[in-house]
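Please open the model in a viewer and keep the selection panel at hand. The stops below are meant to be followed in order.

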Amino acid sequence: MANKKVLFLDTTLRDGEQSAGIGMTGDEKFEIAKQLQRMKVDIIEAGFAASSPGDFEAVTKIAKEIEGPTICSLARAHPNDVDQAWQAIQHAEKRRIHVFLSSSDIHVLHQLRKDREEVMGMAVSMVERAKGYCSDVEFSPMDATRTVPEYLYRMLEEVIKAGATTVNIADTVGYAIPSDFTRLIKDIKANVRGIDNVNLSVHCHNDLGLSVSNSLAAVEAGANQVEGCINGIGERAGNASIEEIIMALDTRQDLFRVDMGIDTTQLYPTSRLVSRITGMAVQANKAVVGENAFRHASGIHQDGVLKDRSTYEVMQPERVGVPGNSLVLGKLSGRAGLQARLESLGYTLERDDLNKVFESFKDLADKKREISDRDLEILMDEEKREASEPITYSLEHVQFTSGDHDIPTATVRLIGPDQTVITDASTGNGPVDAVCNAIERVVGCQCRLVDFNVQSVTEGIDSMGSVTMRVESSGKIYTGRGADTDIIVASGKAYLSAVNRMLAADEDADIPAAGTTPD
Ligand code: KIV
Ligand code: ZN
């Protein structure tokens, strides 16, 4: 018998962005979408077009420029949402509108304050409206796993009649356990007329840590589409980790017997990219993409792996794109060694770019004995950030003093507009605060720091620190990033990068927008 094909809808750019503290720019979303294209996901949920003009633009750009995957926008069961979803995705090669509406009594009676029949009518009419635009329509009954089964079956049947081509069973609050999912999917298949003519999807949240197990139970019971996010990011405890579901299906082909179109070797690069852009660290012991996922510490395990990797590895690191580490990079390494390693990490560089990166690499190698893959990723990020970010001011020099008896003081030298060199100093309640205050004095702005995240890129005392800062000014949030072996310097770079973004946004606000937002 032929294998069943399982489709993957990645919602990192929509549900993933609903993680507390995450805000991605349109360019960052586009970069992730390009990587999801390389990973060959079937459907990219690019955003929620009606939620903000920024999201509308981000979905539109992805729809216009990303070929291969279907591009989807979420829409509430409101006419305006459906219309805006269509406007944003209409230029895509393959496009989908995803309409959702609550179905559980808890939501219908207490949140929507409507009755079941009224909600049923809204679901049907909004699926019909979406279908008027687009042949590919997904409908999600929100909080499906806490919905009275008979009502859920009827709702699914009605939206299928109205034209839905995918119905998505959402465990919105992460309440279900795997046996619930097995039963629910089987019951839906047995009780909903027309279900075999559409895709049956699952969308699991991780409140009880069961989202991946629930998704797998659903596939075993007959679902043929799975939704999830890279690194399991998302609302509250997150969505199902899409990379974990993919590798479970891949590794246990003996059990699941499914076909997938995914390029599994892109999982690790995608995980790294999402972690870098969102500033959300991947825990070291995270399955599939964690730092320790393929490291063997105990002597017995090392002995086994040296003799035969299958003794203690259920999948090979290469299968998920974790690069091999046979070559140690350091200050004696040459351009060719650097280029080879960068290529294995998915970077292809022109000669001039390679020369530029090589210079930064040598600077770093003077400060660190060994340069790891993570260091290289950060180096590349910094190069890219400097090349792509709006730069009104650049940081030339930072100096600070601090200690338990001293008043933290910092001096910064910035190069500003027209190459003017400006130096100023300030105190603060810590060295980072002093550096930020000194930058504010030079630029003449005032921002409020709302989030400050420092990640050590590798272990060891000489590790690079990667800093993400979010600052608030006039009610808007700007994100900045910076990396250095010195975390105070990295913080100064991150702060200035956020300030430069704020200055660029202020400049744009002076120019009337050229009709890019919907009516
Ligand atoms: O969790 C949820 O219910 C959702 C829907 C919009 C599918 O994200
Ligand atoms: Zn969700």
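The tour starts at a metal site and then moves through strands, cysteines, loops and a helix of this predicted model.

**Stop 1: the zinc ion**

Select the zinc ion (ligand 2) and display its donors. Asp-15 (OD), His-203 (NE2) and His-205 (NE2) coordinate this ion at 2.0 to 2.1 Å. Along the sequence, the donor residues follow the spacing D-x187-H-x1-H. Asp-15 belongs to the loop between strand 2 (7-10) and helix 1 (26-39), and His-205 to the loop between strand 8 (199-204) and helix 8 (211-221), so the pair ties together parts that are 190 residues apart in sequence. With a surface displayed, turn to the accessibility of this pair: both Asp-15 and His-205 are buried.

**Stop 2: strand 9 and its partners**

Next, select residues 225-228, which make up strand 9. Which way do the residues of this strand point? Gln-225 and Glu-227 point one way, Val-226 and Gly-228 point the other way, and all are buried.

Add strand 2 to the selection. Strand 2 and strand 9 run parallel and are joined by four bridges. One position to label is Asp-10, whose bridge partner in strand 9 is Gly-228.

Now add strand 8. Strand 8 also pairs with strand 9 in the parallel sense, over three bridges. Here Ser-201 stands opposite Gln-225 of strand 9. To follow the connection, trace the chain from strand 8 through helix 8 to strand 9; this β-α-β crossover is right-handed.

**Stop 3: the cysteines**

How many disulfides does a search of the whole structure find? The search returns zero. Select Cys-229 as an example: this residue is in no disulfide, and the nearest cysteine sulfur, that of Cys-204, lies 12 Å away. Cys-229 is buried, its relative accessible area being 0%. Then select Cys-436, which is likewise in no disulfide; for this residue the nearest cysteine sulfur is that of Cys-447, at 9.1 Å. Cys-436 counts as buried at 6% relative accessibility.

**Stop 4: two residues with positive phi**

Most residues other than glycine have a negative phi. Two residues to inspect against that background are given here.

Select Asp-143 first. Its phi is near 65°, a positive value in a residue other than glycine. Asp-143 is found in the loop between strand 6 (137-142) and helix 6 (149-162). Is Asp-143 buried or exposed? At 0% relative accessibility, Asp-143 counts as buried.

Then go to Asp-418, where phi is near 60°, again a positive value in a residue other than glycine. Asp-418 lies in the loop between strand 12 (409-415) and strand 13 (421-427). With a relative accessible area of 77%, Asp-418 is exposed.

**Stop 5: Arg-319**

Select Arg-319 in the loop between helix 12 (299-307) and helix 13 (335-344). This residue counts as partly exposed, at 39% relative accessibility. Which residues are in contact with Arg-319, leaving aside its neighbours within four places in sequence? They are Met-247, Asp-250, Thr-264 and Thr-265. A distance label can be drawn from the C-alpha atom of Arg-319 to that of Ser-463: the two are 144 residues apart along the chain and separated by 28 Å.

**Stop 6: an antiparallel sheet**

Select strands 14, 15 and 16. These three strands form an open sheet in the order 14-15-16, with antiparallel pairing. Strand 14 (448-456) and strand 16 (476-484) stand at the edges with a single partner strand each, so one side of each is left without a neighbour in the sheet. On average, neighbouring strands of this sheet are turned by 15° against each other, direction ignored. Strand 14 pairs with strand 15 (residues 465-473) over eight bridges in the antiparallel sense. Within this pairing, label Gln-455, which stands opposite Ser-466 in strand 15.

**Stop 7: helix 3**

Finally, select residues 79-89, which form helix 3; this helix is mostly covered, with eight of its 11 residues buried. The buried residues are Asp-81, Val-82, Asp-83, Gln-84, Ala-85, Trp-86, Ala-88 and Ile-89. What do the buried residues of helix 3 pack against? Display helix 2 (53-65), strand 4 (70-76), strand 5 (95-102) and helix 5 (116-133), which are the elements they pack against.

Key: Residues are numbered from 1 along each chain as its sequence is written. Chains are lettered from A and ligands numbered from 1 in the order in which they are written. This is a predicted model: local features need pLDDT of at least 70, side-chain atom pairs count only at pLDDT 80 or more; totals for chains, interfaces and linings use all residues. Side-chain values use heavy atoms; hydrogens and water are left out. Donors are N, O and S atoms within 2.8 Å of the metal (3.2 Å for Na, K and Ca); water is not among the atoms, so sites may look incomplete. Helices (H or I, at least four residues) and strands (E, at least two) are DSSP runs, numbered from the N terminus. Buried means under 20% relative accessible area, exposed over 50%, partly exposed in between (1.4 Å probe, protein chains only). A disulfide is a pair of cysteine sulfur atoms within 2.5 Å. Two strands pair if DSSP finds at least two bridges between them. A crossover is right-handed if, with the strands pointing away from the viewer, the path from the first strand over the helix to the second runs clockwise. Contact means heavy atoms within 4.5 Å. Axes are lines fitted to C-alpha atoms, for helices over the stretch in contact, and angles run from 0 to 180 degrees between N-to-C directions.
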